[in-house]
Structures are given as C-alpha cells and as structure tokens.
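User: Please take a close look at one sheet of this model. I want its pairing, its burial and its surroundings, with cut-offs stated.

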Amino acid sequence: MNNIKENALWAFRNAAVNSLITKDDSALIFQSWDDLKFNLEQLRAIFDHPNAIHAIAIKTNPHPSVLAKIISWGFSLEAASMEEVEMAIKAGASPNKIVFDSPVKRRSEIEKCNNELHGLILNVNSLEELKRMPDKPNFTLGIRINPSLEMDSPEIYSVSNNESKFGVPILEKEALLNAILSHPIQQLHIHAGSQMKDLTKAVFAVRELLDLAIEANSLLEKKGIERRILTLDIGGGLAAEKYGCVEKMSEYVNKLKETCPELWDFALITEFGQWCHTNSGFIFSEIEYTFKRGDKQIAFIHLGADYFMRDAYTLARNFDIIALNNKGEENNSDEKYLHDIAGPLCFAGDYVLKAVNLPLLTENDWLGILGTGANTLGLWSRHCSRTIPKVIGFSSEKNEIEILSERMNPFI
C-alpha cells in the first residue's frame with residue numbers, strides 16, 4: 001500500500017490525465033477505496049470476534065458511493081437519523097445491517113421501522129422513549145447507557161457526563177433493570193465519547209456495560225423470563241491514527257480482552273467512523289491568490305470552514321499538506337515561507353491552517369490537504385451557499401479512477 005502522499009499525487013495526476021479536472025473545478029474531493037477497505041478489514045481482524053457487526057457511522061462520510069462500497073464489502077452502517085436509515089437502504093443495506101441511533105425518533109419513524117424494516121437494530125435514548133416502543137417489535141430493541149464518566153474528549157463532543165442528553169445514566173441502575181424486565185430489550189448500547197484517547201476510561205465504560213448485561217441476564221433468569229441481553233453495542237469514538245497505523249485500535253481491543261473477556265460471549269456491535277474514514281480521503285484546491293500580511297503569506301483556497309466545520313469551532317487538526325505548482329508538479333523548493341491558509345467564506349474564523357512553512361504559494365498553484373476523509377463532507381456548511389466540489393473515487397492498486405459526483409449547489 002502506498003503512503004497517503006503517494007496516493008494523493010497518483011490520484012491528482014491521473015484525474016488530470018483522464019480529463020476529470022475541468023477549468024470549473026476550483027477544488028476536488030478524493031476518496032481512496034484501497035485505504036478505506038484496508039481500515040475496515042483491519043477493524044474486523046483486530047476484534048477477531050465470532051459474532052460482530054461493524055456498523056460504520058454514516059454521519060462521518062455520507063457520500064452514497066462510500067456507503068455502497070462499505071455494504072458491498074460486508075460491513076454495516078450506523079444511522080443517526082431516519083434520513084440516514086433511508087440512505088443506508090438506498091445504498092443496498094438490508095435492515096439487519098443498519099443500527100438506528102437517533103436520539104430524537106418520531107413516532108411515525110418508529111412505526112415505519114416496525115412495519116417495513118424488520119430486523120433493524122434500534123437503540124432508544126431514554127427510559128421515556130421506551131414508552132413509544134411496540135410490545136412485540138419487529139426490530140431488535142436496545143437501550144443506550146450513559147457511563148457517567150468524564151472522558152477526555154473535547155468538551156463539545158462530551159456525551160458521558162451526568163448532564164448529557166445521551167442515554168440513561170448508569171447510576172440509575174435500578175430503573176434500568178426494571179426497564180429491561182418490563183420491555184423487550186435484547187441489547188445494551190454505549191458510546192462514551194468522540195476523539196477518545198484515554199483507553200482506560202473507554203474500557204472501564206465497556207466494563208460497566210458488560211456488568212449491567214450480566215446482572216440483567218441473571219435477574220431475567222431468576223424471574224423466569226426467557227429473554228436475554230444478547231448483544232452489546234460499544235459504539236465508536238476512537239481518534240484517527242497515523243496513516244497505515246492500527247496501534248491504538250489494537251491496544252484498545254487488547255485492553256478489552258484483558259478487562260472484559262466476557263464481551264466475546266455476547267454478540268458485538270461497533271460504530272467506528274472517524275478511525276475508518278480519516279486517512280481514506282484528501283482534497284486539492286487551487287490557490288486563488290495570495291498576499292503578504294506582516295511576516296506571513298495569506299493563501300486563499302476554495303475549501304475552508306464549509307468543509308472543515310469541526311476544525312472551525314474546535315482546535316484544527318494537524319493536517320499534512322502537499323504544494324503543487326500550476327502544472328500539477330510537486331513544489332520541493334528548499335526555500336520556505338510562513339503561510340496562513342485561508343478559506344473562501346465571509347467570516348473571520350475561516351482558516352484551515354495557520355503559520356505553516358511552505359514553498360512560496362502563488363496564484364493557480366494547487367494545495368493538497370491530507371487525512372480529510374472524516375467529518376468533513378458530512379458536515380458541509382451552506383454558509384455563503386458555495387458549491388460542493390466534485391468527488392472522485394480511486395484505487396491506485398487497481399489503476400482505477402472515476403467521478404463519484406459532480407459539482408453541485410444544494411440551493412440551486
């Protein structure tokens with residue numbers, strides 16, 4: 001497998017050679033099938049679980065072609081809205097390959113799942129939502145548990161503190177056990193946070209979920225109820241690793257095997273999006289123009305906070321970048337200048353990168369930004385009503401490249 005820079009250069013050059021780039025393309029979004037498949041297969045191999053569903057979060061990258069590839073490779077999808085459920089169906093997913101996790105499900109949506117999507121996996125968000133569920137659902141019913149932990153996720157992504165809108169606090173164990181006794185629940189779900197780095201806390205949260213499942217099953221048996229908690233959905237939330245690396249995921253699974261060995265006695269669901277998608281995508285943008293402000297060059301590109309929305313309202317990711325000249329050749333000049341990379345939107349926070357040392361960028365050069373496959377296109381902002389760029393899928397291993405979607409403006 002090539003490294004991400006080699007992949008990016010291969011894709012850009014082959015897009016040009018095959019006339020996939022036109023004069024109207026000020027920016028391009030690239031999707032590497034090789035890297036996405038590699039990450040998915042590594043996820044499956046590392047968990048090595050006999051009965052696992054790896055449901056990739058649709059919101060991380062909802063492009064229809066991406067969803068269809070994930071399904072074609074034998075993986076599942078996690079939907080955070082009814083619209084995403086419909087996208088999964090359209091991409092070719094059978095209902096039993098869809099995990100529906102929306103915290104705000106309409107009664108009509110629940111009815112549709114029960115009447116039309118038999119076998120769907122549905123997690124309720126609260127004890128109150130359980131009252132909306134049918135007595136004998138045609139879907140697998142789960143309930144989301146809040147581990148009541150302060151995780152190391154950025155505050156804006158925190159979902160596990162006691163005031164979170166997500167899940168039933170584990171501290172309400174008696175109410176949870178009573179709910180499991182009185183409702184047709186067969187699954188427990190947890191999602192402790194996003195961009196988690198402290199694996200000890202993440203594993204402790206799964207241990208709490210596992211202990212609750214074991215206690216619930218013991219109670220069901222004592223009450224003479226045949227139903228059991230059969231499946232544990234441990235969510236996702238692991239931060240992306242360096243390109244081609246699986247060390248953090250391997251460490252996480254090894255810690256789970258040490259601390260939660262009974263997890264392999266249950267059916268398992270995971271919901272990793274960012275970890276699978278990040279390094280399978282990158283973008284190229286034309287440099288529209290540059291000027292000097294103080295000791296820095298300001299280079300204006302055609303993707304900014306519209307594409308990098310998360311980076312606009314949290315700390316920006318440390319993206320790797322490639323500078324190309326106006327002929328598409330890599331600029332390897334040893335002479336470097338301090339640059340700010342500014343986006344095209346009319347608000348002051350629209351910077352992709354600041355204070356980066358690059359060869360001098362000029363009008364009509366191209367800039368590649370790597371590791372952008374997650375939480376970018378899926379969060380597209382319509383601020384300034386700019387056009388979503390062309391999306392190109394490719395496999396350098398198979399020497400294949402094609403347009404997945406043309407430029408489009410959702411408002412026109």
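Analyst: What follows goes through one sheet strand by strand, then its loops, its surroundings and the cavities.

This is a predicted model, in which local features need pLDDT of at least 70, side-chain atom pairs count only at pLDDT 80 or more, and totals for chains, interfaces and linings use all residues. Residues are numbered from 1 along each chain as its sequence is written, and side-chain values use heavy atoms, with hydrogens and water left out.

The sheet is open and has six strands. Their order is β14-β17-β11-β1-β18-β19, with mixed pairing. Strands (E, at least two residues) and helices (H or I, at least four residues) are DSSP runs, numbered from the N terminus. Two strands pair if DSSP finds at least two bridges between them. β14 (321–324) and β19 (400–405) are the edges, and each pairs on one side only. Neighbouring strands are turned by 20 degrees against each other on average, direction ignored. Such angles use axes that are lines fitted to C-alpha atoms, for helices over the stretch in contact, and run from 0 to 180 degrees between N-to-C directions.

Start at the β14 edge. β14 pairs with β17 in the antiparallel sense over four bridges. Ile322 stands opposite Gly368 in β17. Next comes the pair of β17 (residues 366–370) and β11 (residues 281–286), also antiparallel, over five bridges. Within this pair, Phe282 has Leu370 as its bridge partner, and Glu286 stands opposite Trp366. β11 in turn runs antiparallel to β1, joined by five bridges. There, Ala27 of β1 has Ser285 as its bridge partner in β11.

How well covered are β17 and β11? Buried means under 20% relative accessible area, exposed over 50%, and partly exposed in between (1.4 Å probe, protein chains only). Five of the five residues of β17 are buried. In a regular strand the side chains alternate between the two faces of the sheet. In β17, Trp366, Gly368 and Leu370 are on one side and Leu367 and Ile369 on the other, so both faces are covered. β11 has six of its six residues buried, so it is largely enclosed by the rest of the structure. Gly281, Ile283 and Ser285 point one way from β11, and Phe282, Phe284 and Glu286 point the other way. Glu286 is thus among the buried residues of β11.

Helix α2 (residues 33–47) lies across β1, β18 (390–395) and β19. The helix runs at about 40 degrees to β1. Contact here means heavy atoms within 4.5 Å.

Two loops hold asparagines with positive phi. Asn375 lies in the loop between β17 and β18. Its phi is about 55 degrees, although it is not a glycine. Asn375 is buried, with a relative accessible area of 6%. Asn399 lies in the loop between β18 and β19. Its phi is about 60 degrees, and it is not a glycine either. Asn399 is exposed, with a relative accessible area of 57%.

Now the cavities. On a 1 Å grid over the protein atoms alone, a cavity is a set of points where a 1.4 Å probe fits but cannot get out, and lining residues have an atom within 4 Å of a point. Grid points are joined across faces, edges and corners, and a volume is the space filled by probe spheres set on the points. The count comes to four cavities of 30 Å³ or more.

The largest cavity has a volume of about 80 Å³. It is lined by 13 residues, of which Ile29, Gln31, Asn61, Tyr307 and Leu377 are the closest to its centre. The largest share of this lining, three residues, comes from strand β1 (residues 27–32). By class, the lining has six nonpolar, seven polar and no charged residues. Ala, Val, Leu, Ile, Met, Phe, Trp, Tyr, Cys and Pro count as nonpolar, Asp, Glu, Lys and Arg as charged, and the others, Gly among them, as polar.

The second largest cavity has a volume of about 60 Å³. Its lining is Asn39, Ala240, Glu241, Lys242, Tyr243, Gly244, Cys245, Trp275 and Asn279. These divide into four nonpolar, three polar and two charged residues.

Key. 1 Å grid on protein atoms, 1.4 Å probe; cavity = no way out; pocket = protein on both sides within 12 Å on 5 of 7 lines; lining within 4 Å.
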